[in-house]
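Got the viewer open? Here is a short walk through the model, one selection after another.

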Amino acid sequence: QGLHIMRRPAADCAMLKCQRCAVSAVLYCSAGSYKTANCTLAVDTGCTSCTVCSAFQYASTACTMSTNRMCSRITACAASEWQSISPTASSDRQCTPITTCTAAQYLTQPATSTSDNICLAISNCSISQFQLSVPTTTTDRACAALTTCSPVVQYQPVAPTATSAASSANTPACASAPYQNTPAT
């Protein structure tokens, strides 16, 4: 009933005393080991423990019933890279180049070993604002509202620019005459 493979120890072969190979060892080795030799008339099935990868390695080839585990060194990210995917027991670390902010961006959060630079677009001041401070590589442009003169009681002695607000001053009060000799400018 079923296939039985016999092996003969060298000492017993002369007397024709044969022993049967362990049926389970013919088919596979125990967990954590792989087959290195098949059961024959002269030798039993050979099993060897699988290689154990160190903390600095991952299994690039898994241990199977017929092959040993192959371990590879875990990649170290360069100073210009960040770890985008962590290594596991069976996969390598993935490194990604650190993003460089463009001239139209500023850095809000610098890269770490496990995160990329975070860059945001530099704000533009609206038509009703002026630039209070210039943007830098790590700060956004600051904008402030332009001053709006009250048309009846104020005038604008200095016009606004891209980097300064308009100034306003009170219109000089008219003398006792019921009309104004010089219009406000």
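Start by selecting Asp92, which sits in the loop between E7 and E8. Keep in mind as you look that this is a predicted model. Which side chain of opposite charge is nearest to Asp92? That would be Arg93, but at 6.0 Å it makes no salt bridge with Asp92, even though the aspartate is buried. The cut-off for a salt bridge is 4 Å, so a distance of 6.0 Å falls outside it. What you can draw instead is a polar contact of 2.4 Å between the side chains of Asp92 and Thr75.

Now show everything around Asp92. Leaving out neighbours up to four places away in sequence, its contacts are Tyr58, Arg73, Ile74, Thr75, Ser86 and Pro87.

Stay in that loop and click on Ser90, which also lies between E7 and E8. Buried or exposed? Ser90 is exposed, with a relative accessible area of 55%. Apart from neighbours within four places in sequence, Ser90 touches Tyr58 and Ala59. Tyr58 turned up in the Asp92 list too. Add Ser60 to the selection and draw a C-alpha to C-alpha line from Ser90: the two are 30 residues apart in sequence and 6.2 Å apart in space.

**On to the next aspartate**

Jump to Asp116, in the loop between E9 and E10. Asp116 is buried and has no salt bridge; its nearest side chain of opposite charge is Arg93, 15 Å away. Look for Thr99 here, whose side chain makes a polar contact of 2.5 Å with that of Asp116. Beyond its neighbours within four places in sequence, Asp116 is in contact with Trp82, Pro97, Ile98, Thr99, Gln109, Pro110 and Ala111.

Pro97 and Ile98 lead to another stop. Select Ser80, in the loop between E6 and E7, and you will find that it touches Thr96, Pro97 and Ile98, not counting residues up to four places away. Ala111, from the Asp116 list, is worth a line as well: its C-alpha is 9.6 Å from that of Ser80, with their positions 31 residues apart along the chain.

**Colour the cysteines**

Next, show the sulfur atoms. How many disulfides does a search of the whole structure find? It finds six, and we will visit some of them.

Begin with Cys77 and Cys95, whose sulfurs are 2.0 Å apart. The torsion about their S-S bond is about -90°, so this disulfide is left-handed. Cys77 is in the loop between strand E6 (70-73) and strand E7 (81-85), while Cys95 is in strand E8 (residues 94-97), so the link spans 18 residues of sequence. Both ends are partly exposed: Cys77 has a relative accessible area of 26%, and Cys95 has 22%.

Move along to Cys101 and Cys119, joined with an S to S distance of 1.9 Å. Here the torsion is about -85°, so this one is left-handed as well. Cys101 lies in the loop between E8 and strand E9 (105-109), and Cys119 in strand E10 (residues 118-121), 18 residues apart. Cys101 is partly exposed at 22% relative accessible area, whereas Cys119 is buried at 17%.

Then head towards the N terminus for Cys29 and Cys47, another disulfide with 1.9 Å from S to S. Its torsion is about -80°, so add it to the left-handed ones. Cys29 is in the loop between helix H2 (23-27) and strand E3 (33-37) and Cys47 in strand E4 (residues 46-49), so the bond ties together parts that are 18 residues apart in sequence. The two ends differ in cover: Cys29 counts as buried at 8% relative accessibility, and Cys47 as partly exposed at 39%.

**Zoom out**

Finish with the whole protein in a cartoon view. You should be able to pick out two helices and 14 strands. Of the 185 residues, 15% count as buried, and Asp92 and Asp116 are among the buried residues you have visited. Switch to a surface and you are looking at about 12,600 Å² of exposed area, with carbon and sulfur atoms supplying 59% of it. For a contact map, consider the contacts between residues at least 6 apart in sequence: 19% of them join residues at least 24 apart.

Key:
Residues are numbered from 1 along each chain as its sequence is written. This is a predicted model: local features need pLDDT of at least 70, side-chain atom pairs count only at pLDDT 80 or more; totals for chains, interfaces and linings use all residues. Side-chain values use heavy atoms; hydrogens and water are left out. A disulfide is a pair of cysteine sulfur atoms within 2.5 Å. Helices (H or I, at least four residues) and strands (E, at least two) are DSSP runs, numbered from the N terminus. Buried means under 20% relative accessible area, exposed over 50%, partly exposed in between (1.4 Å probe, protein chains only). Contact means heavy atoms within 4.5 Å. Accessible areas come from the Shrake-Rupley method with a 1.4 Å probe; for residues, only the protein chains shown count as cover. Lys and Arg count as positive and Asp and Glu as negative; His and the chain ends are not counted. A polar contact is a pair of N or O atoms within 3.5 Å; within protein, one must be able to donate a hydrogen and the other to accept it, and residues adjacent in sequence count only if both atoms are side-chain atoms.
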